[in-house]
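Grab a viewer and a notepad: here are a few exercises to work through on one model. Try each task before reading its solution.

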Amino acid sequence: MARSSFEGEIPVEQIEVCPVTETQNVIAGKWKIIILWHLRETRRFGELQRLVPGISKAILTSQLRELEKDQMVNRVVYQEVPPKVEYSLTEAGEQFLPILESMGVWGKKYAARRKS
């Protein structure tokens with residue numbers, strides 16, 4: 001998934017008008033929020049792929065690279081055969097967890113309301 005239309009630096013004027021723009025630019029993409037949710041624990045690539053059904057290897061790689069570039073995710077490569085790569089949250093990623101938890105609470109309430 002492509003990022004928002006603000007590639008690179010977001011204009012200061014936009015952040016002043018809507019400070020959510022910065023957050024939206026980091027988490028833009030169909031899978032990023034789900035990936036971040038699953039990275040509450042350190043995970044290997046294959047494990048993430050199993051936890052996010054429907055995501056292709058290429059898209060998962062792309063989304064992880066963007067999250068790494070945005071300093072939300074750490075990537076550690078172990079020099080062994082077969083190669084082992086682990087992903088975990090950075091400090092910034094961990095600071096985002098309460099937001100994800102709030103989104104989960106809201107989502108459950110929303111789903112229940114829609115069913116009734």
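A salt bridge here is a side-chain nitrogen of Lys or Arg within 4 Å of a carboxyl oxygen of Asp or Glu. This is a predicted model, so local features need pLDDT of at least 70 and side-chain atom pairs count only at pLDDT 80 or more, while totals for chains, interfaces and linings use all residues. Residues are numbered from 1 along each chain as its sequence is written, and side-chain values use heavy atoms, with hydrogens and water left out.

**Exercise 1. Work out the fold pattern of the protein.**

Step 1: count the elements. Helices (H or I, at least four residues) and strands (E, at least two) are DSSP runs, numbered from the N terminus. That gives 6 helices and 3 strands.

Step 2: read along the sequence, and you get α-α-α-β-α-α-β-β-α.

Step 3: check the overall dimensions. The C-alpha trace spans about 50 × 45 × 25 Å along its principal axes.

**Exercise 2. Find the salt bridges, and say which parts of the chain E66 and K32 tie together.**

Step 1: search the whole structure; 4 salt bridges turn up.

Step 2: take the pair E66 and K32, whose side chains meet at 2.7 Å, N to O. E66 sits in helix α5 (residues 57-69) and K32 in helix α3 (residues 32-38), so this pair ties together parts that are 34 residues apart in sequence.

Step 3: look at burial, where buried means under 20% relative accessible area, exposed over 50%, and partly exposed in between (1.4 Å probe, protein chains only). Both E66 and K32 are buried, and K32 has a relative accessible area of 0%.

Step 4: go on to E41 and R43, with their closest N and O atoms 3.9 Å apart. R43 is buried, at 11% relative accessible area. E41, R43 and E47 form a linked network of salt bridges.

Step 5: add K84 and E86, whose closest N and O atoms are 3.6 Å apart.

**Exercise 3. Lay out the sheet: what is the strand order?**

Step 1: set the pairing rule. Two strands pair if DSSP finds at least two bridges between them.

Step 2: write down the order. The sheet is open, has 3 strands in the order β1-β3-β2, and pairs antiparallel. The edge strands, each pairing on one side only, are β1 (43-44) and β2 (73-78).

Step 3: go through the pairs. β1 and β3 share 2 bridges, with R43 opposite Y87 and R44 opposite E86. Between β2 and β3 there are 6 bridges, and V77 stands opposite V85.

Step 4: trace the link from β2 to β3, which is a hairpin through 5 residues.

Step 5: ask how enclosed β3 is. Since 5 of its 6 residues are buried, β3 is largely enclosed by the rest of the structure.

**Exercise 4. Describe the surroundings of E86: which residues does E86 touch?**

Step 1: place E86 in strand β3. At 19% relative accessibility, E86 counts as buried.

Step 2: list its contacts, meaning heavy atoms within 4.5 Å. Leaving out residues up to four places away in sequence, E86 touches T42, R43, R44, N74, R75, V76 and Y78.

Step 3: pick out the polar contact (a pair of N or O atoms within 3.5 Å; within protein, one must be able to donate a hydrogen and the other to accept it, and residues adjacent in sequence count only if both atoms are side-chain atoms). The side chain of E86 makes one with the side chain of Y78, at 3.0 Å.

**Exercise 5. Map the largest nonpolar core: which elements give two or more residues to this core?**

Step 1: define the set. A nonpolar core is a set of buried Ala, Val, Leu, Ile, Met, Phe, Trp, Tyr and Cys residues joined through side-chain atoms within 4.5 Å.

Step 2: get the members. The largest core has 21 residues, and those with the most contacts inside it are I35, L36, L39, L64, V73 and Y87. The elements giving two or more residues are α2 (20-27), α3, α4 (45-51), α5, β3 (84-89) and α6 (91-115).

Step 3: zoom in on L39. Apart from neighbours within four places in sequence, L39 is in contact with L48, L64, V73, Y87, S88 and L89.

Step 4: turn to α2, where T21, N25, V26 and I27 are buried. After α2 comes G29, with a positive phi near 130 degrees.

Step 5: finish with the whole protein, where buried residues make up 31% of the 116 residues.
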